[in-house]
Amino acid sequence: MKRMVVNSNTPLEVEVNKEIIFSYDVEYQESDVKWASRWDSYLLMSDDQIHWFSIVNSLMIVLFLTGMVAMIMLRTLYRDISKYNELETQEEALEETGWKLVHGDVFRPPSNSDLLCVYVGTGVQFLGMVLVTMIFAVLGFLSPSNRGGLMTAMLLLWVSMGIFAGYASTNLYKMFKGAEWKKIAAKTAFMFPAIVFVIFFVLNALIWGQKSSGAVPFGTMFALVFLWFGISVPLVIVGGYVGFKKPAMEDPVKTNKIPRQIPEQAWYMNPIFSILIGGILPFGAVFIELFFILTSIWLNQFYYMFGFLFLVFIILLITCAEITIVLCYFQLCSEDYKWWWRSYLTSGSSGLYLFLYAAFYFFTKLEITKLVSGLLYFGYMLIASYAFFVLTGTIGFYACFCFTRLIYSSLKID
């Protein structure tokens, strides 16, 4: 007998230590929808208007920054360079102020240069992984119907991009006149993955403690460790060897033996202030897409707008590069030549804003009351924010690196 039960008007009495029997009926109906199109009703995103609004909003930021960079490059730099190259006497050159005065210090290796090399290498690994994953997703290779396909692809791409990480870190290290490339390659292979693995292991232990089926099995953990030690580490070492064997880039200007004294800076050129300001625009370019991604992860919604995501990612790359160049130019104009770490942290600080937004999302959108669930959320978002910091920081660093080489190679210095 088939009966439709909408609601139960007569509640069932529940007695202590008595069994409660639940039952349900299933009726299968034949469907005209083809098997390949079964997911369409779930994957059809109707709210694409807000995504276009987000992209237009981000493009406005990009246009504004592009205008500023173009103004710096065309008006200021070319005027400054031609004026500087016309100076005849050394006395006149000394009277000049701004970025040209620090030409003898601008390529001086920074403090903690080893750590910078490691972070830049890790960022290159991330950039390669994200770009290839995005292209695969846009072309339709990573369907959400294949559960875990996206994560598996990202992990495999991460380990295979290790060769580029090793190359980037040791080549930069060689430019800083370093000799112990094996140490740098080893740090690149272990530092970021080790931090992430420790956080992941602690979170997984918490899930195990709750006896949840969502815990990652021991076999999968072993497979992850094998991918790391068996594939990623050797590739980073190989990349490191190749990177160190390649000739290092020559600095466009000679570095003075004695470091120049940095004059007192204005309050708005304070490193902490300018670093925090630099992260706002890259984060502003992605935060609407970020809302949809967080919703898909934590509220079981589907996210299938990889085309929009790819556009936003390209906008993010441009924004990170341009905001860092603009702030780096202002820094050099105020005769502060310590740009290496500042360029990395300026765009990298968007990772901090990502974590703050994740905290805001937790308290406004999610109804998580259990401590373990809250710890899981913040643990995973900490990993995501850290990865975002490494990725955006590397983009900003390379933008600044190319910018400083370009402007100082244009100067005629005897």
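Mentor: A residue is buried under 20% relative accessible area, exposed over 50% and partly exposed in between (1.4 Å probe, protein chains only). This is a predicted model, with local features needing pLDDT of at least 70, side-chain atom pairs pLDDT 80 or more, and totals for chains, interfaces and linings using all residues. Numbering starts from 1 along each chain as its sequence is written, and side-chain values use heavy atoms, without hydrogens and water.

Trainee: Is Lys-211 buried or exposed?

Mentor: Lys-211 sits in the loop that joins α7 (181-209) to α8 (218-245); helices here are DSSP runs of H or I, at least four residues, numbered from the N terminus. Although Lys-211 is not a glycine, its phi is positive, at about 55°. With a relative accessible area of 75%, Lys-211 is exposed.

Trainee: What is the relative accessible area of Asn-17?

Mentor: Asn-17 belongs to the segment before α1 (40-43). This residue, too, is not a glycine yet has a positive phi, of about 60°. Asn-17 is exposed, and its relative accessible area is 78%.

Trainee: Which residues of α8 are buried?

Mentor: Helix α8 spans residues 218-245. Its buried glycines are Gly-239, Gly-240 and Gly-243. The other buried residues of α8 are Met-221, Leu-227, Trp-228, Ser-232, Val-233, Val-236 and Phe-244.

Trainee: Which helices are among those covering the buried residues of α8?

Mentor: Cover is judged by contact, that is, heavy atoms within 4.5 Å. Trp-228 and Phe-244 are among the buried residues concerned. The cover includes α4 (113-138), α5 (149-160), α6 (162-175) and α7.

Definitions and conventions
Helix = DSSP H or I, 4+ residues; strand = E, 2+ residues; numbered from the N terminus.
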